[in-house]
Amino acid sequence: MEDVQVRTDQELLLRLFRNLLINAVRHTETGAVSCRAWTEGDRVELRIADTGEGIAVERQQQLFDTFQRLERHRTGFAGAGLGLSIVGKISAVLNLQLSMTSTPGQGTEFRFQLHRAR
């Protein structure tokens, strides 16, 4: 990707990105975690995906609530239920249009967009 600058709060963006990456790594026992970024017009889109355990549709929106978490999985890690709550709040503050898709047994993908700086 060419040299691209965006308009956002650097610390909040790094926190959001870090939380999504940590979550992906913790919930991917085998397979891969990937990060991609590309430009679309005046926006930069970022994607963090994993091939982990995935999240059932009925649980997906709840995970953005404080202290909501997945049950303990194979690795024994249950988390405190704050990571995605923080992600949701940061994405709202930064107006990132965060979206999530997930399929149990196949993995999860988070996408968000940033405005390019002019």
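## Strand pairing in a predicted model

Two strands count as paired if DSSP finds at least two bridges between them. The structure described here is a predicted model, and this criterion underlies the account of its sheet given below.

One pair of residues illustrates the pairing: Leu 46 stands opposite Phe 112, a residue of β4. Strand β2 covers residues 43–50 and strand β4 covers residues 107–115. These two strands run antiparallel and are joined by 8 bridges.

## Overall architecture

The protein contains 3 helices and 4 strands. Read from the N terminus, its elements follow the order α-β-β-α-α-β-β.

## The sheet

The 4 strands form an open sheet in the order β1-β2-β4-β3, and their pairing is antiparallel. At the edges lie β1 (33–40) and β3 (99–103), each of which pairs on one side only. From one strand to the next, the twist averages 15°.

## Contacts across the sequence

Contacts in the protein can also be described by sequence separation. Among those between residues at least 6 apart in sequence, 60% join residues at least 24 apart. The residues Leu 46 and Phe 112, which stand opposite each other, show how the sheet brings together positions from β2 and β4.

## Burial and surface

The protein has 118 residues, and 37% of them count as buried. The area that the protein exposes is about 7,200 Å². Carbon and sulfur atoms supply 49% of this exposed area.

Definitions and conventions
Residues numbered from 1 in each chain as written. Predicted model: local features only at pLDDT ≥ 70, side-chain atom pairs only at ≥ 80, totals over all residues. Heavy atoms only, no water. Buried < 20%, exposed > 50% of the residue type's maximum accessible area, 1.4 Å probe, protein only. Contact = heavy atoms within 4.5 Å. Areas by Shrake-Rupley, 256 points an atom, 1.4 Å probe, with all protein chains shown as cover. Axes fitted to C-alpha atoms, helices over the stretch in contact; angles between N-to-C directions.
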